Amino acid sequence: MNGAAPLPRTEPAKPVGAVTAAIAILRCLGRHDDSLRLTEIVVEEGINPSTALNILRTLEYEGLVAFDRRAKRYALAGGLADLAAPLTERDDPVTRAARAMAAAAQELHATIGLWRRVGDELELVHVADCGAAIRIAFTLGRRLPMFLGAMGRLVAARGDWDDAALARGFAQVPWAKAPDYAAWRDEIAIAARDGVGIDRGHVNAGMLGVAVPLERTGPLRHVVAAALFDNGSHADPTPIARRLRAVADAADA
């Protein structure tokens, strides 16, 4: 993610009173679940009534405040979300990853998911598929055990787990064909070294899973994973992992 530190706040030499009052009104409305009357805003913020009214009318005209003329009450409006959209989208890995995932899914003839770590599970927050008539389908919001498949090897590689915790997690995975536990531990070590998790047919028979972490360093919060039919043409999954890494870098920019 973008790790740039925020710039220090510098007090303006001459604050603009109307701007300060407008921001105070917006914050006041945001603190309350219910809409407010003009008198309530004036009392809470200590703003001159006529000034507050003119500011509210301007904010309503600009779409930042909604006014219920029957009840004579004010509330925040959707224009604020539109105003903040460029900032929130820039800091949202799902938004940044979507286009890159769609392109990679077509190139790899795969289904690609962006998964988020939620406690002891991984939750699917975005998915892109290749559009083929026969393809692997995932459901948004689906949650899976954190040690499952290619993704699970990455989670295990990036976590501080003792032997007992790994053994318990391994036993909780609904494997189609459970791998040998010792071999699974070796694959975790490889995932830690290479930054790539791989599963061949242990979660679903005939499927290849390849996963890379979104965050290159620090806590593992997101995983980009591809699921493909394992028809023998992917003996070396390195090109798949390289393509997924490009997707992860686009999302983590």
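Where is the place of His109? In this predicted model, His109 sits in the loop between helix H5 (93-108) and S3. The views below start from that loop and then move on to the sheet, the helices and the aromatic rings.

**View 1. Two loop residues, Lys72 and His109, have positive phi values without being glycine.** His109 has a phi near 55 degrees. This residue is exposed, with a relative accessible area of 60%; the cut-off for calling a residue exposed is over 50%. Lys72 also has a phi near 55 degrees. Look for Lys72 in the loop that links strand S1 (65-68) and strand S2 (73-76).

**View 2. Six strands line up in an open sheet.** Reading across, the order is S5-S4-S3-S8-S7-S6, and the pairing is antiparallel. At the edges are strand S5 (143-145) and S6, each of which pairs on one side only. Neighbouring strands in this sheet are turned against each other by 30 degrees on average, ignoring direction.

**View 3. Strand S8 sits between S3 and S7 in the sheet order.** What share of strand S8 (residues 222-229) is buried? Here 7 of its 8 residues are buried, so the strand is mostly covered. On one side, strand S3 (residues 111-118) runs antiparallel to S8, and 6 bridges join the two. Gly113 stands opposite Ala225 in S8 on that side. On the other side, strand S7 (residues 207-213) pairs with S8 over 7 bridges, again in the antiparallel sense. There, Leu208 stands opposite Leu228 in S8.

**View 4. S6 and S7 make a hairpin at one end of the sheet order.** The two strands pair in the antiparallel sense over 4 bridges. Among the facing residues, Gly197 stands opposite Ala211 in S7, while Ile198 has Val210 as its bridge partner in S7. Between the strands lie 6 residues, and Gly201 in the turn has a positive phi of about 75 degrees. Which residues of strand S6 (residues 197-200) lie on the covered face, and which on the uncovered one? Gly197 and Asp199 make up the covered face, whereas Ile198 and Arg200 make up the uncovered one.

**View 5. Helix H6 crosses helix H8.** Two numbers set the scene in a view like this: packed helices are described by the angle between their axes and the distance between the axes. For helix H6 (residues 149-158) and helix H8 (residues 181-194), the angle is about 75 degrees and the axes are 8 Å apart. The two helices are therefore roughly perpendicular to each other. From H6, the residues Arg153, Leu154, Ala156 and Ala157 meet Trp184, Glu187, Ile188, Ala191 and Ala192 from H8. Sorted by class, this contact has 7 nonpolar residues, 2 charged ones and no polar ones.

**View 6. Helix H6 is largely enclosed by the rest of the structure.** That description fits because 8 of the 10 residues of H6 are buried. The buried residues are Gly149, Ala150, Met151, Gly152, Arg153, Leu154, Val155 and Ala156. Arg153, Leu154 and Ala156 also turn up in the contact with H8.

**View 7. Aromatic rings pair up in this model.** Searching the whole structure gives 8 aromatic pairs. One of them is Phe67 with Tyr74, a stacked pair with 4.4 Å centre to centre and 25 degrees between the planes. Are Phe67 and Tyr74 buried or partly exposed? Phe67 counts as partly exposed at 23% relative accessibility, whereas Tyr74 is buried, with a relative accessible area of 5%. The rings of Phe170 and Trp175 have centres 5.5 Å apart and planes at 45 degrees, so this pair is tilted. Phe170 counts as buried at 13% relative accessibility, and Trp175 is buried too, at 14%. One aromatic cluster takes in Phe147, Trp161, Phe170, Trp175, Tyr181 and Trp184. Trp184 is also among the H8 residues that meet H6.

**View 8. Arg245 is a buried residue in a helix.** Its helix is H9 (residues 238-251). With a relative accessible area of 15%, Arg245 counts as buried, because the cut-off is under 20%. What does Arg245 touch, not counting residues up to four places away in sequence? Its contacts are Val212, Pro213, Leu214 and Arg216.

Technical notes. Residues numbered from 1 in each chain as written. Predicted model: local features only at pLDDT ≥ 70, side-chain atom pairs only at ≥ 80, totals over all residues. Heavy atoms only, no water. Buried < 20%, exposed > 50% of the residue type's maximum accessible area, 1.4 Å probe, protein only. Pairing = 2+ DSSP bridges. Axes fitted to C-alpha atoms, helices over the stretch in contact; angles between N-to-C directions. Parallel < 35°, antiparallel > 145°, perpendicular 65-115°, else oblique. Contact = heavy atoms within 4.5 Å. Nonpolar A, V, L, I, M, F, W, Y, C, P; charged D, E, K, R; others polar. Phe/Tyr/Trp six-rings, centres within 6.5 Å; stacked < 30°, edge-to-face > 60°.
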